[in-house]
Amino acid sequence: MGKPSKGSEVTTKSDKKFDKKLQFYTKVKDTVTSLAVQKEIGKKKIRSRQKKLKAYDLSNLSEFLPEFNALQKSALPAPDLKMNCKRRQKLVLTEGERLNKVLDHPAFQADPIGSIFQHLQSQQPPVEEKPKKKTNTNGSKKRNRKKGKADSMEI
């Protein structure tokens, strides 16, 4: 029906597929080994850098700097936590307790708006005023001209 096979010269489609797979797997294996070698080299470089940095380690001095520790703790932002049912309930309870404390406070009962205003004033950071630029008597800004250039251009 078809051509008679001549032994090993004729390869089937499945044999070709198998050979391609073997070639692919050998390429993958070679790349994985080369990447592993590169990774080892990179790790060795990092380790030597870390050893050099340990010579300049100043963490022991933090014991003698209490202000530094306080600033470091306050500078770290609070971790962003996803709001789930349990956290929401806990937040509602704590905020409810805080509201009750505010409502029971005698300063709030005496003058609610004034106490809120005072609280906001104390919570805001102080505003730094920028120095105003000098202006002439008529209100225009001063211009700084160099007299040498203006005289030299006139001939």
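Below, a biologist asks a modeller how the labels on this predicted model were reached.

Biologist: Let's start with the overall fold. What makes up the chain, helices or strands?
Modeller: There are six helices and zero strands, so read along the sequence the pattern is α-α-α-α-α-α.

Biologist: And how much of the chain is buried?
Modeller: Buried residues account for 1% of its 155 residues. The chain exposes about 16,800 Å², with carbon and sulfur atoms supplying 59% of that area.

Biologist: Then let's take a buried one. Why is Ser 115 called buried?
Modeller: Its relative accessible area is 17%, and buried means under 20%, so Ser 115 earns the label. You will find Ser 115 in helix α5, residues 112–123. Leaving aside neighbours within four places in sequence, Ser 115 touches Ala 107 and Phe 108.

Biologist: What makes the pairing of Ser 115 with Pro 112 a polar contact?
Modeller: A polar atom of the Ser 115 side chain lies 2.9 Å from the backbone oxygen of Pro 112. The cut-off is 3.5 Å, so the distance fits.

Biologist: Now to charges. How do you know that Glu 95 and Arg 98 form a salt bridge?
Modeller: Their side chains come to 3.4 Å, N to O. The limit is 4 Å, so the pair qualifies. A search of the whole structure finds one salt bridge. Both residues sit in helix α3 (residues 85–104), three residues apart, which is about one turn of the helix.

Biologist: Why do Glu 95 and Arg 98 get separate exposure labels?
Modeller: Glu 95 has a relative accessible area of 36%, which falls between 20% and 50%, so it is partly exposed. Arg 98 reaches 53%, over the 50% mark, and therefore counts as exposed.

Biologist: I'm curious about the aromatics too. How many aromatic pairs does a search of the whole structure find?
Modeller: One aromatic pair turns up. Phe 24 and Tyr 25 form it, with 5.8 Å centre to centre and 55° between the planes.

Biologist: Why is that pair called tilted?
Modeller: The angle of 55° is neither under 30 degrees, as stacked would need, nor over 60, as edge-to-face would need, so tilted is what remains.

Biologist: What makes Tyr 25 exposed?
Modeller: Its relative accessible area is 53%, and the label needs over 50%, so Tyr 25 passes. Tyr 25 belongs to helix α1, residues 13–55, and Phe 24 is exposed as well.

Biologist: Which residues form the nonpolar patch on the surface?
Modeller: Phe 24, Tyr 25, Val 28 and Val 32 do, with about 410 Å² of accessible area together.

Notes
Residues numbered from 1 in each chain as written. Predicted model: local features only at pLDDT ≥ 70, side-chain atom pairs only at ≥ 80, totals over all residues. Heavy atoms only, no water. Helix = DSSP H or I, 4+ residues; strand = E, 2+ residues; numbered from the N terminus. Buried < 20%, exposed > 50% of the residue type's maximum accessible area, 1.4 Å probe, protein only. Phe/Tyr/Trp six-rings, centres within 6.5 Å; stacked < 30°, edge-to-face > 60°. Patch = residues over 30% accessible without salt bridge, like charges linked within 9 Å, V, L, I, M, F, W, Y side chains within 5 Å. Areas by Shrake-Rupley, 256 points an atom, 1.4 Å probe, with all protein chains shown as cover. Polar contact = N/O pair within 3.5 Å; in protein donor to acceptor, adjacent residues only side chain to side chain. Contact = heavy atoms within 4.5 Å.
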